[in-house]
Structure formats: structure tokens, C-alpha cells
Amino acid sequence: PNPSRDIFNVSFTSEDVQDLKVRVINVIGEELISDNLEQFIGEYTKQINLSNNAKGIYFLEIETEDGVINKKLILQ
């Protein structure tokens, strides 16, 4: 759910074998979570727990060989 009070579920499917980087960063650019996936194909699912972080806006960044996908996460 987005916004959420603690847990965000991240899920996507990569149809091609590629190197991916999944990161959660705060508004000042500090990296909170980083997941490097080498030669990844298939479905990716992860629960991200931000309950120990301050309320506010965070960014989910998925870096692929084709570019970067950014999503805003709102922690209430």
C-alpha cells in the first residue's frame, strides 16, 4: 500500500535477463536499502519495512539496462 505506516510490497517482472539495482532512498539521497540483482529474469517480490524511519517521502529506484524507474513512497 502507498501511503503506508510501515511495510511496502515491491513486485515486478523482468522478461529479459539483465542486471538490476533496486534501491530505497530518502529525500536527501541517502541509500536505505540496496539490492543488486545480476543476470536476473523472472518475478521479483520484496517487503520493505520502513517502520524505523521517519515519516515522510522516500523513493524506490529500479535501475535497469534501459534506464531508471522511480516511484514515490509515502510513509505516514
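1. Does I74 count as buried, partly exposed or exposed in this model? The model is a predicted one, and in it I74 counts as partly exposed, because its relative accessibility is 33% and the partly exposed class covers what falls between under 20% for buried and over 50% for exposed. I74 is found in strand β4, which comprises residues 67-75. Together with V27, I28 and I57, I74 forms a nonpolar patch on the surface, and the accessible area of these residues together is about 370 Å².

2. The interior can be taken next, beginning with the nonpolar core. The largest nonpolar core has 16 residues, and those with the most contacts inside it are F12, V24, Y44, L50, L60 and L73. The elements that give two or more residues to this core are β1 (7-26), β2, β3 (56-64) and β4, and β1 gives the most, with six residues.

3. One core residue, L73, deserves a paragraph of its own. Leaving aside residues up to four places away in sequence, L73 touches N2, F8, V24, L50, G56, I57, Y58 and L60. Among these contacts, V24, L50 and L60 are also listed, like L73 itself, with the residues that have the most contacts inside the largest core. I57, another contact of L73, is a member of the nonpolar surface patch described in the opening point.

4. The aromatic residues form the next topic. The structure holds two aromatic pairs. In one of them, the rings of F12 and Y44 have their centres 4.9 Å apart and their planes at 25 degrees, so the pair is stacked, given that planes under 30 degrees apart count as stacked. F12 lies in strand β1 and Y44 in strand β2, so this pair ties together parts that are 32 residues apart in sequence. F12 is buried, because its relative accessible area is 16%, and Y44 is likewise buried, with a relative accessible area of 7%.

5. The other aromatic pair is formed by F40 and Y44, and it is edge-to-face, with 6.2 Å from centre to centre and 80 degrees between the planes. Both F40 and Y44 are buried. Y44 takes part in the pair with F12 and in the pair with F40, and F12, F40 and Y44 form one aromatic cluster.

6. Turning to charged side chains, how many salt bridges does a search of the whole structure find? The search finds three. R23 meets E31 in a salt bridge with a distance of 2.8 Å, N to O, and R23 also meets E61 in a salt bridge, here at 2.7 Å, N to O. E61 lies in strand β3 and R23 in strand β1, so the pair of E61 and R23 ties together parts that are 38 residues apart in sequence. R23, E31 and E61 are accordingly described as linked in a network of salt bridges.

7. The members of that network can also be described by their accessibility. R23 counts as buried because its relative accessibility is 17%, and E61 counts as buried at 13%, whereas E31 counts as partly exposed at 40% relative accessibility. Apart from this network, K46 forms a salt bridge with D35, in which the closest N and O atoms are 3.4 Å apart. K46 is partly exposed, with a relative accessible area of 27%.

8. A point of backbone geometry should be noted for Q39. Q39 has a positive phi of about 50 degrees although it is not a glycine, and Q39 lies in strand β2, which comprises residues 31-49. Q39 is exposed, because its relative accessible area is 53% and the exposed class begins at values over 50%. A colleague inspecting the backbone of β2 may wish to look at this residue in the displayed structure.

9. Last comes A54, whose place is in the loop between β2 and β3. At 53% relative accessibility, A54 counts as exposed. Where does A54 stand with respect to N26, in sequence and in space? A54 and N26 are 28 residues apart in sequence, and their C-alpha atoms are 9.8 Å apart in space.

Key
Residues numbered from 1 in each chain as written. Predicted model: local features only at pLDDT ≥ 70, side-chain atom pairs only at ≥ 80, totals over all residues. Heavy atoms only, no water. Patch = residues over 30% accessible without salt bridge, like charges linked within 9 Å, V, L, I, M, F, W, Y side chains within 5 Å. Areas by Shrake-Rupley, 256 points an atom, 1.4 Å probe, with all protein chains shown as cover. Salt bridge = Lys/Arg side-chain N within 4 Å of Asp/Glu carboxyl O. Helix = DSSP H or I, 4+ residues; strand = E, 2+ residues; numbered from the N terminus. Buried < 20%, exposed > 50% of the residue type's maximum accessible area, 1.4 Å probe, protein only. Core = buried A, V, L, I, M, F, W, Y, C linked by side-chain atoms within 4.5 Å. Contact = heavy atoms within 4.5 Å. Phe/Tyr/Trp six-rings, centres within 6.5 Å; stacked < 30°, edge-to-face > 60°.
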